[in-house]
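Take a moment to turn the model around before you read on. Then we'll walk through it together, piece by piece.

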Amino acid sequence: MNALTHNEGLALRTPATDALQATVSPVAVAAATVTAPAAPARALPWVQGLRLPLQRARQVPLGLWLAWTVLALVLLWAVVPGWFSSHDPLVGLAGQQLRAPEAGHWLGTDALGRDVWARVVHGAVHSLSGALVAVGVGLVAGTALGLVAGAVGGRAEEALMRVVDVLLAVPSLLLSLTIIIVLGFGTVNAAIAVGVASVASFARLVRSEVVRVRRTEYVEAAFGSGGRFGAVLWRHVLPNSLTSVVALAALQFGTAILAIATLGFLGYGAPPPTPEWGLLIAEGRNYLSTAWWLTSAPGLVVVAVVLAVNRISVSLSGARA
């Protein structure tokens with residue numbers, strides 16, 4: 001009986017097994033074996049290290065890329081102007097007065113035959129260095145006033161902030177002109193005047209940031225653990241108060257370029273024949289009807305640089321356009 005049952009079971013399973021073997025051909029089995037997916041190759045370590053920066057670069061807006069490009073180009077003008085122009089910005093060419101933009105002179109020539117492109121390129125060092133001095137003066141003096149006012153408090157804070165209010169009440173251009181009259185004309189004096197006019201803005205911002213950081217728990221813990229007043233301010237309060245100040249410094253850099261160009265246009269900046277951007281615009285204003293490029297070229301450069309710096313300052317402050 002058991003043998004019969006075993007034989008019947010073999011008879012029942014054999015047709016199914018034969019049908020399955022019939023549907024799967026040896027060729028298909030071999031093809032499946034050959035086309036089996038291989039393990040993915042591991043990327044090189046330096047390729048893996050580049051993935052994150054590339055992903056972050058793709059997320060940067062196009063406007064911010066353009067802003068950094070403009071600023072980098074102008075910085076190269078200031079550092080190595082000879083790479084971009086072979087003409088002397090102070091010496092004119094005989095018979096080349098007021099020539100329109102052409103191949104030899106990309107932005108034309110002025111009334112003395114001087115190449116406008118060369119003057120714009122060489123003028124970058126005067127405008128950018130002046131703006132840098134102005135921002136440095138405003139940043140250092142304003143940070144010192146704001147730090148002392150926010151950390152000390154009391155009557156000292158009241159007195160210092162009333163001085164800041166007086167500075168804010170006076171228009172910045174009028175204050176700059178007053179300081180220039182006292183110090184004298186020149187790019188450095190104009191930069192110092194613009195910097196003094198910006199002290200109040202830095203002082204108010206730093207004071208508000210210091211008051212906010214001063215009330216945090218880790219600063220109170222630093223004082224409670226026996227930390228000295230000056231050491232706590234230098235190690236804890238000041239570094240944590242400069243985030244917004246950096247964005248304001250970038251914004252003031254563009255404002256300083258515009259202010260120095262304005263003072264140069266009014267005749268209070270660099271003396272002729274210095275190729276300063278504001279002075280270039282002033283020299284070409286009498287030729288607007290016949291030589292439009294004399295004012296358009298430096299004016300567009302000033303506008304482009306100021307807009308680029310403002311866009312960068314917005315990105316530093318954490319806002320997105």
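What follows is a tour from the overall build to the pockets, one helix, a loop and a few single residues.

**The overall build**

This is a predicted model, so local features need pLDDT of at least 70, side-chain atom pairs count only at pLDDT 80 or more, and totals for chains, interfaces and linings use all residues. Residues are numbered from 1 along each chain as its sequence is written, and side-chain values use heavy atoms, with hydrogens and water left out.

The protein chain has 14 helices and zero strands. Helices (H or I, at least four residues) and strands (E, at least two) are DSSP runs, numbered from the N terminus. Of the chain's 321 residues, 36% count as buried. Here buried means under 20% relative accessible area, exposed over 50%, and partly exposed in between (1.4 Å probe, protein chains only).

How much of the contact network joins residues at least 24 apart? Among contacts between residues at least 6 apart in sequence, the share is 67%. A contact means heavy atoms within 4.5 Å.

**Two pockets**

Rolling a probe the size of a water molecule over the atoms shows where empty space is left. On a 1 Å grid over the protein atoms alone, a pocket is an open set of points where a 1.4 Å probe fits, with protein on both sides within 12 Å along at least five of seven lines; lining residues have an atom within 4 Å of a point. Grid points are joined across faces, edges and corners, and a volume is the space filled by probe spheres set on the points.

The largest pocket has a volume of about 300 Å³. It is lined by 21 residues, and S172, V194, A197, T255 and A259 are the closest to its centre. Two or more lining residues come from each of α5, α6 (154-169), α7 (172-183), α8 (187-197), α9 (199-214) and α12. Helix α12 gives the largest share, seven residues.

The second largest pocket measures about 180 Å³ in volume. Its lining includes W68, L132, F253 and I312. At least two lining residues each come from α4, α5, α12 and α14 (293-316).

What kinds of residues line the two pockets? The largest has 14 nonpolar, seven polar and no charged residues, while the second largest has ten nonpolar, no polar and no charged ones. In this sorting, Ala, Val, Leu, Ile, Met, Phe, Trp, Tyr, Cys and Pro count as nonpolar, Asp, Glu, Lys and Arg as charged, and the others, Gly among them, as polar.

**Helix α12 and what comes after**

Does that busy helix have the span you'd expect, or not? The expected span is 1.5 Å times one less than the number of residues. For the 24 residues of α12 (residues 243-266) that gives 34 Å, and the end C-alpha atoms are 35 Å apart, which agrees. Right after α12 comes G267, with a positive phi near 95°. Further on, P273 lies in the loop between α12 and α13 (277-284), and the peptide bond from P272 to P273 is cis, with omega near 0°.

**The loop between α4 and α5**

D110 sits in the loop between α4 (62-79) and α5 (116-152). Is D110 buried or exposed? It counts as buried, because its relative accessibility is 7%. A polar atom of its side chain lies 3.1 Å from the backbone nitrogen of G113 and another such distance, to the backbone nitrogen of R114, is 2.6 Å. Leaving out residues up to four places away in sequence, D110 touches Q96, Q97, L98, V116, R119 and L294.

L98 is in this loop too. Its phi is positive, about 50°, although L98 is not a glycine. L112 also belongs to the loop, and beyond four places in sequence it touches G92, L93 and Q97.

**A residue in helix α9**

V210 lies in helix α9. Among the residues V210 touches, beyond four places in sequence, are G146, G150 and V237.

Here are the accessibilities of three residues side by side:

| Residue | Relative accessible area | Class |
|---|---|---|
| V210 | 0% | buried |
| L98 | 32% | partly exposed |
| L112 | 54% | exposed |

Two C-alpha pairs round things off. V210 and A151 are 59 residues apart along the chain, yet separated by 6.6 Å. L112 and G92, 20 residues apart along the chain, are separated by 5.4 Å.

Methods:
A polar contact is a pair of N or O atoms within 3.5 Å; within protein, one must be able to donate a hydrogen and the other to accept it, and residues adjacent in sequence count only if both atoms are side-chain atoms.
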